[in-house]
Amino acid sequence: QVQLVESGGGLVQAGGSLRLSCAASGSIFSNNVMGWYRQVPGKQRELVATMSSGGSTNYADFVKGRFTISRDNAKNTVHLQMNSLKPEDTAVYYCNLVGVWTYWGQGTQVTVSS
(Lines give C-alpha, C1' and ligand atoms only; values in the text may rest on other atoms or scores of the structure.)
Protein backbone atom coordinates (compact mmCIF):
# COMPACT_ATOMS: atom_id res chain seq x y z
CA GLN A 1 0.00 0.00 0.00
CA VAL A 2 1.13 3.54 -0.78
CA GLN A 3 0.15 6.73 1.01
CA LEU A 4 0.40 10.19 -0.52
CA VAL A 5 0.31 13.29 1.67
CA GLU A 6 0.02 16.73 0.07
CA SER A 7 0.86 20.08 1.55
CA GLY A 8 1.24 23.68 0.44
CA GLY A 9 -2.20 24.70 -0.74
CA GLY A 10 -3.86 27.91 0.33
CA LEU A 11 -5.18 31.30 -0.70
CA VAL A 12 -3.16 33.60 -2.93
CA GLN A 13 -3.84 36.67 -5.02
CA ALA A 14 -3.74 36.54 -8.79
CA GLY A 15 -0.17 36.77 -10.01
CA GLY A 16 1.17 35.16 -6.87
CA SER A 17 2.92 31.85 -6.30
CA LEU A 18 2.42 28.66 -4.34
CA ARG A 19 4.44 25.50 -4.00
CA LEU A 20 2.72 22.17 -3.52
CA SER A 21 4.51 19.17 -2.11
CA CYS A 22 3.61 15.51 -1.96
CA ALA A 23 5.36 12.81 0.04
CA ALA A 24 4.85 9.17 -0.82
CA SER A 25 5.37 6.35 1.63
CA GLY A 26 4.88 2.60 1.61
CA SER A 27 5.71 -0.01 -1.02
CA ILE A 28 6.68 2.18 -3.96
CA PHE A 29 7.65 0.61 -7.24
CA SER A 30 10.89 2.27 -8.33
CA ASN A 31 9.73 2.80 -11.91
CA ASN A 32 6.82 5.19 -11.50
CA VAL A 33 5.22 8.44 -12.55
CA MET A 34 4.26 11.04 -9.99
CA GLY A 35 2.23 14.09 -10.74
CA TRP A 36 -0.54 16.52 -10.05
CA TYR A 37 -4.13 16.71 -11.17
CA ARG A 38 -6.82 19.21 -10.28
CA GLN A 39 -10.56 19.27 -10.05
CA VAL A 40 -13.26 21.88 -9.64
CA PRO A 41 -16.83 21.04 -8.63
CA GLY A 42 -18.88 19.73 -11.51
CA LYS A 43 -15.91 19.06 -13.75
CA GLN A 44 -13.67 16.10 -14.40
CA ARG A 45 -10.31 15.80 -12.78
CA GLU A 46 -7.65 17.03 -15.19
CA LEU A 47 -3.94 16.55 -15.56
CA VAL A 48 -1.69 19.42 -14.51
CA ALA A 49 1.81 17.94 -14.71
CA THR A 50 3.57 14.62 -14.32
CA MET A 51 7.15 13.50 -14.01
CA SER A 52 8.54 10.01 -14.36
CA SER A 53 11.20 8.53 -12.14
CA GLY A 54 13.49 8.89 -15.15
CA GLY A 55 12.86 12.61 -15.36
CA SER A 56 10.43 12.90 -18.28
CA THR A 57 7.81 15.59 -17.79
CA ASN A 58 4.37 16.25 -19.18
CA TYR A 59 2.47 19.50 -18.71
CA ALA A 60 -1.04 20.59 -19.52
CA ASP A 61 -1.03 23.41 -22.05
CA PHE A 62 -2.71 25.79 -19.63
CA VAL A 63 0.23 25.65 -17.17
CA LYS A 64 3.18 25.66 -19.54
CA GLY A 65 5.56 28.44 -18.66
CA ARG A 66 3.91 29.03 -15.29
CA PHE A 67 4.16 25.76 -13.34
CA THR A 68 7.21 23.57 -12.81
CA ILE A 69 7.19 20.03 -11.53
CA SER A 70 10.15 18.48 -9.76
CA ARG A 71 10.80 15.37 -7.74
CA ASP A 72 13.30 13.76 -5.43
CA ASN A 73 13.40 10.02 -6.10
CA ALA A 74 15.45 9.30 -2.97
CA LYS A 75 12.79 10.94 -0.79
CA ASN A 76 9.78 9.89 -2.90
CA THR A 77 8.57 13.46 -3.07
CA VAL A 78 7.15 15.54 -5.88
CA HIS A 79 6.67 19.28 -5.94
CA LEU A 80 4.72 21.71 -8.06
CA GLN A 81 5.93 25.29 -8.20
CA MET A 82 3.04 27.43 -9.37
CA ASN A 83 3.81 30.97 -10.53
CA SER A 84 1.68 33.65 -12.15
CA LEU A 85 -1.43 32.09 -10.69
CA LYS A 86 -4.81 32.96 -12.17
CA PRO A 87 -8.30 32.77 -10.66
CA GLU A 88 -9.06 29.91 -13.05
CA ASP A 89 -6.31 27.88 -11.35
CA THR A 90 -8.59 27.63 -8.31
CA ALA A 91 -9.22 23.93 -7.66
CA VAL A 92 -8.45 21.01 -5.41
CA TYR A 93 -5.05 19.69 -6.42
CA TYR A 94 -4.40 15.98 -6.08
CA CYS A 95 -1.09 14.18 -5.96
CA ASN A 96 -0.94 11.03 -8.06
CA LEU A 97 1.45 8.11 -8.26
CA VAL A 98 1.32 5.46 -10.95
CA GLY A 99 3.46 2.39 -10.44
CA VAL A 100 2.07 -1.12 -10.36
CA TRP A 101 -1.13 0.49 -9.13
CA THR A 102 -2.50 4.03 -9.14
CA TYR A 103 -2.70 6.04 -5.94
CA TRP A 104 -4.19 9.42 -5.03
CA GLY A 105 -3.64 11.86 -2.23
CA GLN A 106 -6.47 13.44 -0.29
CA GLY A 107 -6.21 16.74 -2.17
CA THR A 108 -5.23 20.26 -1.19
CA GLN A 109 -7.26 23.36 -1.94
CA VAL A 110 -5.72 26.15 -3.99
CA THR A 111 -7.71 29.37 -4.19
CA VAL A 112 -6.60 32.29 -6.35
CA SER A 113 -8.41 35.55 -5.73
CA SER A 114 -8.78 38.22 -8.39
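Two strands pair if DSSP finds at least two bridges between them. Strands themselves are DSSP runs of E, at least two residues long, numbered from the N terminus. With these terms the strand pairs of this structure, which is a predicted model, can be described.

## Strand β9 and its partners

Strand β9 covers residues 91-98. It pairs with strand β10 (residues 102-104) through 3 bridges, and the two run antiparallel. Within this pair, Val98 has Thr102 in β10 as its bridge partner. A hairpin of 3 residues leads from β9 to β10.

Strand β11 (residues 108-113) is also joined to β9, again by 3 bridges and in antiparallel fashion. Here the bridge partner of Ala91 is Val110 in β11. Strand β4 is connected to β9 by 7 bridges, and these two strands run antiparallel as well. Arg38 is matched with Tyr93 in β9.

How many of the 8 residues of β9 are buried? The number is 6, so β9 is largely enclosed by the rest of the structure. The cut-off for a buried residue is a relative accessible area under 20%.

## From β4 to β5 and β6

Strand β4 covers residues 33-39. Besides β9, it has bridges to β5: 6 of them join the two strands, which run antiparallel. Tyr37 lies opposite Leu47 in β5. Between β4 and β5 there is a hairpin with 6 residues, and Gly42 in the turn has a positive phi of about 85°.

Strand β5 (residues 46-52) has 5 of its 7 residues buried, so this strand is largely enclosed by the rest of the structure. It is joined to β6 by 3 bridges, with the two strands antiparallel. Thr50 has Asn58 in β6 as its bridge partner. The hairpin of β5 and β6 has 4 residues between the strands, and Gly55 there takes a positive phi near 105°.

The pairs described so far are listed below.

| Strand pair | Bridges | Direction | One residue pair |
|---|---|---|---|
| β4 and β9 | 7 | antiparallel | Arg38 and Tyr93 |
| β4 and β5 | 6 | antiparallel | Tyr37 and Leu47 |
| β5 and β6 | 3 | antiparallel | Thr50 and Asn58 |
| β9 and β10 | 3 | antiparallel | Val98 and Thr102 |
| β9 and β11 | 3 | antiparallel | Ala91 and Val110 |

## The open sheet of four strands

An open sheet is formed by 4 strands in the order β1-β3-β8-β7, with antiparallel pairing. Which strands stand at its edges? They are β1 (2-7) and β7 (67-72); each has a single partner strand, so one side of each is left without a neighbour in the sheet. From one strand to the next, the twist averages 15°.

At one of these edges, β7 is joined to strand β8 (residues 77-82) by 6 bridges, and the two run antiparallel. Arg71 is placed opposite Val78 in β8.

## The disulfide

A disulfide is a covalent bond between the sulfur atoms of two cysteines. This structure holds 1 disulfide. It is formed by Cys22 and Cys95, whose sulfur atoms are 2.0 Å apart. The pair links distant parts of the chain, with Cys22 in strand β3 and Cys95 in strand β9, 73 residues apart. The torsion about the S-S bond of Cys22 and Cys95 is about -85°, so the disulfide is left-handed. Are these two cysteines buried or exposed? Both Cys22 and Cys95 are buried.

## Salt bridges

The structure holds 4 salt bridges. One of them joins the side chains of Asp89 and Arg38, at 2.9 Å from N to O. Asp89 is in the loop between β8 and β9, whereas Arg38 is in strand β4, 51 residues apart. Both Asp89 and Arg38 are buried.

Asp89 also forms a salt bridge with Arg66, the closest N and O atoms being 2.7 Å apart. Arg66 is in the loop between β6 (57-59) and β7, and 23 residues separate it from Asp89. Arg66 is buried, as is Asp89. Through shared partners, salt bridges join Arg38, Glu46, Arg66 and Asp89 into one network.

Lys64 and Asp61 form another salt bridge, with the closest N and O atoms 3.1 Å apart. Lys64 and Asp61 are both exposed.

## A nonpolar patch on the surface

Phe29, Val100 and Trp101 make a nonpolar surface patch of about 370 Å². Phe29 is found in the loop between β3 (18-26) and β4. With a relative accessible area of 42%, Phe29 is partly exposed.

Technical notes. Residues are numbered from 1 along each chain as its sequence is written. This is a predicted model: local features need pLDDT of at least 70, side-chain atom pairs count only at pLDDT 80 or more; totals for chains, interfaces and linings use all residues. Side-chain values use heavy atoms; hydrogens and water are left out. Patches are made of residues with over 30% relative accessible area and no salt bridge: like charges are joined within 9 Å, nonpolar side chains (Val, Leu, Ile, Met, Phe, Trp, Tyr) within 5 Å. Accessible areas come from the Shrake-Rupley method with a 1.4 Å probe; for residues, only the protein chains shown count as cover. Buried means under 20% relative accessible area, exposed over 50%, partly exposed in between (1.4 Å probe, protein chains only). A disulfide is a pair of cysteine sulfur atoms within 2.5 Å. Axes are lines fitted to C-alpha atoms, for helices over the stretch in contact, and angles run from 0 to 180 degrees between N-to-C directions.
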